[in-house]
Amino acid sequence: MPVTRAVLSLGSNLGDRLGYLRMAVDGFADVLVAVSPVYETAPWGVTDQDDFLNAVLIVSGDVDEWGWLRRGQALEQAAGRVRDRRWGPRTLDVDVVTVDGVRSTDPELLLPHPGAHERASVLVPWLDVEPDAAVPGHGLARDLVAGLDLAGVTRRVDLSLV
Ligand SMILES: Nc1ncnc2c1ncn2[C@@H]1O[C@H](COP(=O)(O)OP(=O)(O)OP(=O)(O)O)[C@@H](O)[C@H]1O
Ligand SMILES: Nc1nc2c(c(=O)[nH]1)N=C(CO)CN2
């Protein structure tokens with residue numbers, strides 16, 4: 001199997017938020033290339049829920065796009081995630097944002113992730129670890145961020161994943 005490089009978005013707004021993000025980092029320890037700072041972000045989508053902690057991982061390994069999805073889902077399970085309402089509270093969310101060179105329209109694995117280009121909770125931490133990041137079909141992350149309201153996005157320098 002060829003080596004692929006993927007960008008993964010982590011999110012948590014239920015229980016020990018930092019602990020769940022750390023669990024994800026540990027789960028990808030064998031393939032980690034970069035870990036972003038942690039951000040506290042106001043919820044988008046469903047806004048009557050607690051703030052999220054978000055971070056981005058860059059990973060690389062002998063794993064295809066489905067493998068990245070499965071590994072993320074296994075960690076969500078391990079974090080006791082209950083699939084409840086769309087965009088609702090969760091202990092751990094692992095989204096596959098991009099896998100280099102891969103586009104997919106399969107609803108089980110849309111690539112690039114269809115929300116990535118408009119979510120500050122993804123783009124801001126991603127830019128910290130990859131300043132030239134681009135969302136295929138949408139352009140450079142830095143240009144996309146320039147058009148977003150960043151009022152609800154706070155870098156938590158006191159929280160670290162590394
Ligand atoms: N790029 C992707 N990364 C992760 N899951 C994806 C992706 N594309 C499609 N999915 C599918 O989305 C389904 C629902 O995922 P999930 O419950 O995490 O959605 P959500 O986090 O509420 O919404 P969103 O995906 O907009 O953040 C999963 O069953 C998964 O197969
Ligand atoms: N700020 C923020 N809001 C969200 C997030 C998230 O990770 N960060 N994830 C959601 C579920 O997909 C819904 N809303």
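What radius of gyration would a compact globule with 162 residues have, and what does the protein have? The rule gives a value near 15 Å, and the protein comes in at 14 Å, which agrees. Before I go on, please keep in mind that this is a predicted model.

Okay, overall picture. Along the principal axes, the C-alpha atoms fill a box of roughly 40 × 35 × 30 Å. Of the 162 residues, 38% count as buried. And if you take the contacts with a separation of 6 or more, 70% of them are between residues 24 or more positions apart.

In terms of elements, we have four helices and ten strands. Reading from the N terminus, the order is β-α-β-β-β-α-β-β-β-α-β-β-α-β.

Let's take the helices, starting with H1, residues 17-27. Which residues of H1 are buried? They are Arg17, Tyr20, Leu21, Ala24 and Gly27. Those five sit on the same side of H1, because they cover an arc of only 120 degrees around the axis. If that spacing looks familiar, here's the textbook reason: an α-helix has 3.6 residues a turn, so residues three or four places apart point the same way. Flip H1 over, and the face turned away from the buried side carries Gly19 and Asp26, both exposed. As for what covers the buried residues of H1, the list includes strand E1 (4-12), strand E4 (52-61), helix H2 (65-78) and strand E5 (93-99).

Now H3, residues 120-129. This helix is largely enclosed by the rest of the structure, since seven of its ten residues are buried. For those following on the screen, the buried ones in H3 are Ala120, Ser121, Val122, Leu123, Val124, Pro125 and Trp126. Their cover includes E1, E4 and E5, along with strand E3 (39-41), helix H4 (141-146) and strand E10 (153-155).

On to the ligands. Ligand 1 has 13 residues around it, and the ones that come nearest are Asp95, Val96, Glu108, Leu110 and His113. E5 and E7 each supply at least two residues of that shell. By class, the shell around ligand 1 has six nonpolar, two polar and five charged residues.

How many charged residues are in the shell around ligand 2? Just one, next to five nonpolar and five polar residues. The residues surrounding ligand 2 are Gly11, Thr41, Ala42, Pro43, Trp44, Gly45, Phe52, Asn54, Trp87, Asp93 and Ser121. Ser121, you'll remember, was one of the buried residues in H3.

Trp87 deserves a stop too. It's found in the loop between H2 and E5, and its phi is near 65 degrees, a positive value in a residue other than glycine. Is Trp87 buried or partly exposed? Partly exposed, because it has 13 C-beta neighbours inside 10 Å, while the cut-off for buried is 20 or more.

One more backbone item: the peptide bond from Leu111 to Pro112 is cis, with omega near -5 degrees. Pro112 is in the loop between strand E7 (109-111) and helix H3.

Last thing, the annotation. An unreviewed UniProt entry puts "domain: 7,8-dihydro-6-hydroxymethylpterin-pyrophosphokinase" on residues 86-97. In the model, that span is 0% helix and 42% strand, and its end C-alpha atoms lie 18 Å apart. That's my tour, so over to you.

Methods:
Residues numbered from 1 in each chain as written. Chains lettered and ligands numbered in written order. Predicted model: local features only at pLDDT ≥ 70, side-chain atom pairs only at ≥ 80, totals over all residues. Near = placed C-beta within 6 Å. Nonpolar A, V, L, I, M, F, W, Y, C, P; charged D, E, K, R; others polar. Buried ≥ 20, exposed ≤ 12 C-beta atoms within 10 Å, placed from the backbone. Arc of directions from axis to C-beta. Contact = placed C-beta atoms within 7 Å. UniProt positions renumbered as here; feature names shortened; annotations may be inferred. Rg over C-alpha atoms; globule rule 2.2 N^0.38 Å.
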